[in-house]
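This report introduces a protein to a reader who has not met it before, moving from the whole chain to a few of its parts. Please keep the sequence and the structure in view while reading.

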Amino acid sequence: MNDVAADNIEKLYKNFGILADAKDNICRHEKEYMEILAAVKGSLKEKRLASQFIARFFKSFPVLADQALEAQLDLCEDDDVSIRKQAIKDLSAICKDNKEQVPKVADILAQLLQAEDHSELMTVQDSLVALLKFDAKGTLSGIYSQLLTGDETVRERCVKFLSKKVIPIDRNVIDKAAEDFLIIETKRVLQDVTGEEFVQLIHVLSNSRLTQTPLGQKELVDIIADQAELDHPFDPEDRSQVDRIIHCTYCALPYFNFIGSNKFVLYLINDVLSQLDKIPKEIENFKYAHLELLKIYAECCALCKSVSNGLEIIEKTVNLLYRYVPAPPTDENEKTNFEFNHIEAAMFSLHQLVRVCPDALKVDSDLYKGLKLRLHYLACNVQGYVKPLREDIRSKSKTDLKADTESKIKIMALKAATNISNMIKDLFHNPPKCKTEIPLSWKAPVVSESKSTNDQAKKEKKRSSNSYSPDDGSHKQSRQSGREIYHPPSGKFSTKVSYADLTNPEKILQLTETELQRLGSFSSDDVKSIFYSASESLKPELDQSIEEPKCITVGCPIIDGVLGGGLKMASGINELSGESGCGKTQFCLRLALTAQNPVSVGGIDKSVVYICTEDSFPSKRLLQLINNIRHPFKSVREISYGDRIFVEHIADVKGLKECLMSRLPTLLKSTSIGLLIIDSVTAVFRAEYSFSDGVQRTKNLRCIGCQLHELSRKFGICVLCVNQVTASMNSANTSVPALGLAWANLVTTRMIMKKSTFQDTRKLELVFSPHQKSSSCTYIINEFGVQGIG
């Protein structure tokens, strides 16, 4: 270092000391700050110090802000990478106390994302993330400015930054205003993007609150459909168009559960798959383009809600299947090579469409007869293929199967062949009944939480059963839970207990006194002692598991008082019954609104699923309630109530079961849902079953009821089912909830609404509930919905 450089560094430190000591009078020392700005043209050490000092005193000299930024930008473009990294770090530090500079600095940093040095690129990204924490909206403003006007490299890097760095950030950092800005600007950018940019930007939108509402999901699907150009003719020889439809469909699939995939199904079968011969078998991003197209068509068919021209679509799908399932050959020695993956996808599409349009495929039609002939030929070949394949897989160990690529392919082939066999059985029914659930071979199996919980419970149970000695009378403590473990009685009847295999306290408590005496020849005193020991060992665990469930208020203190604070979450089935016109739907609509309120005002801040089985959803009345209810809290007034209600119309038991078993659990996993309303559960059963169908009716009732309990427990939601009433057999002047004992035994909380002869008043009665004693109140229905009056 020469003497001049040393003098300059000493001068820099001197100026730093003057500015640091000046405090309130710092604005009088512009000269010293200007000398610091000039140091960006000096030696490496001068530049490093200048970068730090410029950021340190930036807020004290607003008049020199532009000059300071220019000086800092010169350092960001320095030849030395270490100086550039130091200057980039200090750029974000400038904004810590000067938020008005955030958009400008973010714009600069977005341009610097084109850095070639990896460590420098990481520094730029870290600085942008730091800016987001200072001012999220301002930072996004700078980034999107470059997305709309920057060159190709900068644009590509900005899209990647949004997808990989912005989305994982905590929602407390990206507030509502910033997220609204992100959604609006992303839509603008999507008007002109490459295929790779489109996928990344859809990923950005899919992780925003846009997907939390039905309208938002529909809007996102519409954006994807526009990009897929579903309204344009399909050119089978255009590889980019083939790539686009595959990518776009995969992007849209997660949002078809409640919106439906009808538009994509029609386009794929009418425009794309009808020209499969002309489509290249391999394109840049997909080695097996034909198979990918069949897969996306299959998955779309599984999420299709209705098809207006069902017979035509099924005919085209059957012809698609014929491409891979030829007619039986005339020569018995002739062999056919089947592409089972292609067959599985095409047959699954047909299987799902027959579900949607069960009457379209007539058993006496030429179409079905020709299909059945080919399926019979296919079934014979599948049987001969599956047996040796299964034997080969069984002969290998689990380690070999995981390590060997060929074995993995064989496992996939076996899954596909098994699925084909199951679907053929469904299609062979007279008429075809496609009820079997088909786990597609190319999709990873989903292990339900309940199954994994049960497996874990079995392991814990096995551990606890081996953690004590039957001969040891001392009460040991479980190392995991800290609770006392049950010990079988010792002494004169310990061998009898062991012989009867009654070392499990839960099994003991399931027996009657007579059964226990007969198993071990115990006396009455012995039996009482065994029951007491078993129950005491379980008591601490039961006590710990009891928690007060959360509530959704109805919005009326009088009615909430009757219900013990409101309807409980994760507490099974809440039933609301009553005759027509007593206000059941009014009650449901009001509850659907209050559930969306913040927790601080009695809501749960979650969305609602509303299943209609009788009439169309009362949207006009809902809008009246929204307009009439004016809450004093601003946070509640700003809620878009209508956007957070998922509405489904179902007309029969089959549709209700399919919704509760398949589509609803998928939605609950991806969306914050707190309330499920079925209005009403009675309609689908009264319309579909005659008196002679009582056994099947009861089975379906129990199936739906048990699934509702499972959804309530597993996802912690509140379930409200509206029920109708029927005349009582004991008294002609009274009515009772419909559906009989089969349904009543599944209900956790029962409420009844009754009309009154006194003016326009009605009565709400809590019949039974595990959380609240029976009580009642009088209510009226007005512009605010259901209102209690005493």
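## The protein as a whole

Of the 790 residues that make up the protein, 47% count as buried, and it should be kept in mind throughout that the model is a predicted one. The secondary structure comes to 34 helices and 13 strands.

The surface that the protein exposes is about 40,300 Å², and carbon and sulfur atoms supply 49% of that area. Among the contacts between residues at least 6 apart in sequence, 67% join residues that are at least 24 apart.

## Strand S3 and its partners

Strand S3, which covers residues 573-578, is mostly covered, since six of its six residues are buried. Both faces of the strand are covered: on one side Ile 573, Glu 575 and Ser 577 are buried, and on the other side Asn 574, Leu 576 and Gly 578 are buried as well.

S3 is joined by five bridges to strand S7, residues 718-723, and the two run parallel; within this pairing, Leu 576 stands opposite Val 722 in S7. S3 also pairs in the parallel sense with strand S10, residues 749-755, over five bridges, and here Gly 578 stands opposite Met 753 in S10.

## Helix H21 and its cover

Helix H21 runs from residue 405 to residue 427, and its 23 residues, at 1.5 Å a residue, should span 33 Å, a figure that agrees with the 33 Å between its end C-alpha atoms.

The buried residues of H21 include Ser 407 near the beginning of the list, then Ala 413, Leu 414, Ala 416 and Ala 417, and further along Asn 419, Ile 420, Met 423, Ile 424, Asp 426 and Leu 427. What covers the buried residues of H21 includes three other helices, namely H18 (340-356), H19 (366-394) and H20 (398-403).

## Met 34 in helix H2

Met 34 is found in helix H2, which takes in residues 30-38. Is Met 34 buried, exposed or partly exposed? With a relative accessible area of 34%, Met 34 is partly exposed, because that value lies between the 20% under which a residue counts as buried and the 50% over which a residue counts as exposed.

Leaving aside the neighbours within four places in sequence, Met 34 is in contact with Leu 64 and Gln 67. For Met 34 and Leu 64, the separation is 30 residues in sequence, while in space their C-alpha atoms are 8.5 Å apart.

Technical notes. Residues numbered from 1 in each chain as written. Predicted model: local features only at pLDDT ≥ 70, side-chain atom pairs only at ≥ 80, totals over all residues. Heavy atoms only, no water. Helix = DSSP H or I, 4+ residues; strand = E, 2+ residues; numbered from the N terminus. Buried < 20%, exposed > 50% of the residue type's maximum accessible area, 1.4 Å probe, protein only. Contact = heavy atoms within 4.5 Å. Pairing = 2+ DSSP bridges. Expected span 1.5 Å × (residues − 1). Areas by Shrake-Rupley, 256 points an atom, 1.4 Å probe, with all protein chains shown as cover.
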